[in-house]
Amino acid sequence: VRRGVWELKQLLGANKSTSSKGGSIRGGDTAGDGDGDGIKSRVDRALLDAAHGQRKEAVDAALHAASAASAYRSSAGEPTDDPTRLTDHLGSRLHVVFSTDCGTFQHWQSYLLFYSALRAGQPGRVTRIASGCEDAEEAEAQRWFEEHVRPMSARFGVHFTPHFSKVKDENGEEHGDYKFFNKPFGLRHWLEHGEGMGLDESTGQMRDEDVVVILIDPDMLFLRPITSDYSNDRDVVLGALPGKDAAKGNRYMKVEKGKPFGQTYGFGNQWRNNVDVSKIVGDDSPALKVSDEFARLHYPVGPPYLAVASDMHTIAVGWTDVVPDVHKQYPNLLAEMFGFCLAAAHNELPHQRLDSLMVSAVDMNGGEGWEMVDKIPAEEVCGFAAHADHSKYAIPNVVHFCQRYGTGKYFFAKRKVPHDIFTCESPLMLLPPPDSAAKYDYRISPDGKKQELDPVRKIREAFAACSVIQAVNEASAYFKRKHCGDKANWDIKLNGSDKGMTQAEIDAEEEELRQRDQLKSETR
């Protein structure tokens, strides 16, 4: 609070002379004295004395930052772990995995994912699959994990694999790099060699066939646990075909053998229309024998993927077999996802599609869990998203923050986050006010452009921005409290709308967004 009052004085020009229309904050008021009422009186006087009509919004922002900084410093309400919580309420054993490279960009995302799993109370184990590390990188990643992640939970782990992302021709010669090869090949490597996993040498089957494997992406943030149970209508938005209601009578209720689940992704049957399936899996493949309607209903899925280990391994083997050829025919962002769909269809493992596992693209009119978010009142949405409570409003399981999100001047883009965000020296991010969706009907992008938002869009933008920014700040505060002591930097000043991206980062983000927009256009 002292810090906040000091910042407020600086903001209002307390130490400068003012015009005849205003004075300064009175010299007798020190930043350290008084209680809550004293602070309120200072704010009231500051509003009256502020030179040149300083906006009340700026004062509110300063106090909001001061209050947030105080909360972040405190360990009250800090998430704690139950190391024995390896099953969900149905008794299903769970194991969440996510694939990364060894770079710093996915390093901070990994820490955030682990923290969000701890905060959400995700049952089961959580393992990072890190591919392509050099020896020194692997040693450093293992050291950092043991020092900073393992203390969060004994249920968290890391698994290292070879480098899989090189694109090879028929002769085995390398031509370029497709980083998303790491996901299918890394998953298969973990299934066959990971701690507690592996194949039975006599049968070639998974030793642990029944554990539910949940494959997600590193840029996903848990809002509530992912489990094996999807029988409660309040928790679920079923995937449906355009213009049709979901077939509730035929739905799977639980993840079990032969009944995998996946998040709906809006690419319809492009997974088999954009490639020559017969050249990849043969003319007799089951993937070619299902109707267009059945294919659209059960196979256009993406992470989170859920399946028992025996089914996930079957898909992983098929996935690694087909994805190089899929990429050869369709060398684009989602080639690996199309490969998963093709492998699942070829092995006759139709998925229960769910819209509610994820929210990501705020302009989606279906296929994601936004219909849950849309019910939250605008004046509550940001404050609620920062401390989401599924018992109050039904919410999706994760935010997939692969898009850009903004509410007013507050903006989040994953490529704008400093890679050293989880250090003692890094400041925290500016957090939007709790009522930002009611206050702002626009967002300001990194290029300074103001984009007007309709009533639905402003709620979705605020929900995504506020949930991710708050989680980043909480994870950063958790790190600082555990490891930094007096060296912690508690300044709150980072904002995704600030300039500062390198040209390479700008190009990478623009290309990723371009391909996603192209996919949406093709789907429409």
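In the predicted model, His 95 stands opposite Val 213 of strand β6. The two strands concerned, β1 (residues 94-100) and β6 (residues 212-216), run parallel and are joined by five bridges. Strand β1 is also joined to strand β2 (residues 125-131), here by six bridges and again with the strands running parallel, and within this pairing Ser 99 stands opposite Ile 129 of β2. Strand β1 is mostly covered, seven of its seven residues being buried. The cover extends to both faces of the strand, with Leu 94, Val 96, Phe 98 and Thr 100 buried on one side and His 95, Val 97 and Ser 99 buried on the other.

Two of these β1 residues, Phe 98 and Thr 100, are touched by Ser 110, as is Arg 128, when residues up to four places away in sequence are not counted. Ser 110 has its place in helix α4, and because its relative accessible area is 3%, Ser 110 counts as buried. Helix α4 (residues 104-120) also holds Phe 114, which pairs with Phe 156 of strand β3 (residues 156-161), so that the pair links distant parts of the chain, 42 residues apart. The geometry of this Phe 114-Phe 156 pair is tilted, with 5.1 Å from centre to centre and 35 degrees between the planes, and both Phe 114 and Phe 156 are buried.

A search of the whole structure finds 27 aromatic pairs. Among them is that of Tyr 178 and Phe 181, which is edge-to-face, with the ring centres 4.9 Å apart and the planes at 80 degrees to one another. Tyr 178 and Phe 181 are both buried, and both belong to a cluster in which ring pairs link them with Phe 164, Phe 180 and Phe 185. An aromatic ring is also involved in a contact of another kind at Tyr 442, where the charged end of Lys 450 sits over the ring, 4.2 Å from its centre.

An open sheet of three strands was also identified, with the order β7-β12-β11 and mixed pairing. Its edge strands are β7 (220-222) and β11 (358-359), each of which pairs on one side only. Strands β11 and β12 (residues 398-400) run parallel and are joined by two bridges, and Val 399 in β12 is the bridge partner of Val 359.

Both members of this bridge, Val 359 and Val 399, are touched by Phe 463, whose other contacts, not counting residues up to four places away in sequence, are Leu 223, Trp 370, Val 373, Ile 376, Val 381, Phe 384, Ala 385 and Ile 395. Phe 463 is one of three residues, together with Trp 271 and Phe 412, that touch the most other members of the largest nonpolar core, a set of 133 residues. Helix α15 (residues 455-483) provides the largest share of this core, namely 14 residues.

Three of the residues touched by Phe 463, namely Val 381, Phe 384 and Ala 385, are also listed among the buried residues of helix α13 (residues 378-386), where Ala 378, Cys 382 and Ala 386 are buried as well. The cover over the buried residues of α13 includes helix α15, together with α4 and α14 (436-439).

A contrast in burial is offered by Gln 329, which lies in helix α10 (residues 309-329). Because its relative accessibility is 33%, Gln 329 counts as partly exposed, whereas Ser 110 is buried. With residues up to four places away in sequence not counted, Gln 329 touches Val 275, Asp 276, Lys 279 and Ile 280. Gln 329 and Ile 280 are 49 residues apart along the chain, and their C-alpha atoms are separated by 9.7 Å.

Considered as a whole, the protein contains 16 helices and 18 strands. Of its 524 residues, 55% are buried, and its accessible surface comes to about 22,800 Å², with carbon and sulfur atoms accounting for 48% of that area. Among the contacts with a separation of 6 or more, 78% are between residues 24 or more positions apart.

Key
Residues numbered from 1 in each chain as written. Predicted model: local features only at pLDDT ≥ 70, side-chain atom pairs only at ≥ 80, totals over all residues. Heavy atoms only, no water. Phe/Tyr/Trp six-rings, centres within 6.5 Å; stacked < 30°, edge-to-face > 60°. Helix = DSSP H or I, 4+ residues; strand = E, 2+ residues; numbered from the N terminus. Buried < 20%, exposed > 50% of the residue type's maximum accessible area, 1.4 Å probe, protein only. Lys NZ or Arg CZ within 6 Å of the ring centre and 35° of its normal. Contact = heavy atoms within 4.5 Å. Areas by Shrake-Rupley, 256 points an atom, 1.4 Å probe, with all protein chains shown as cover. Pairing = 2+ DSSP bridges. Core = buried A, V, L, I, M, F, W, Y, C linked by side-chain atoms within 4.5 Å.
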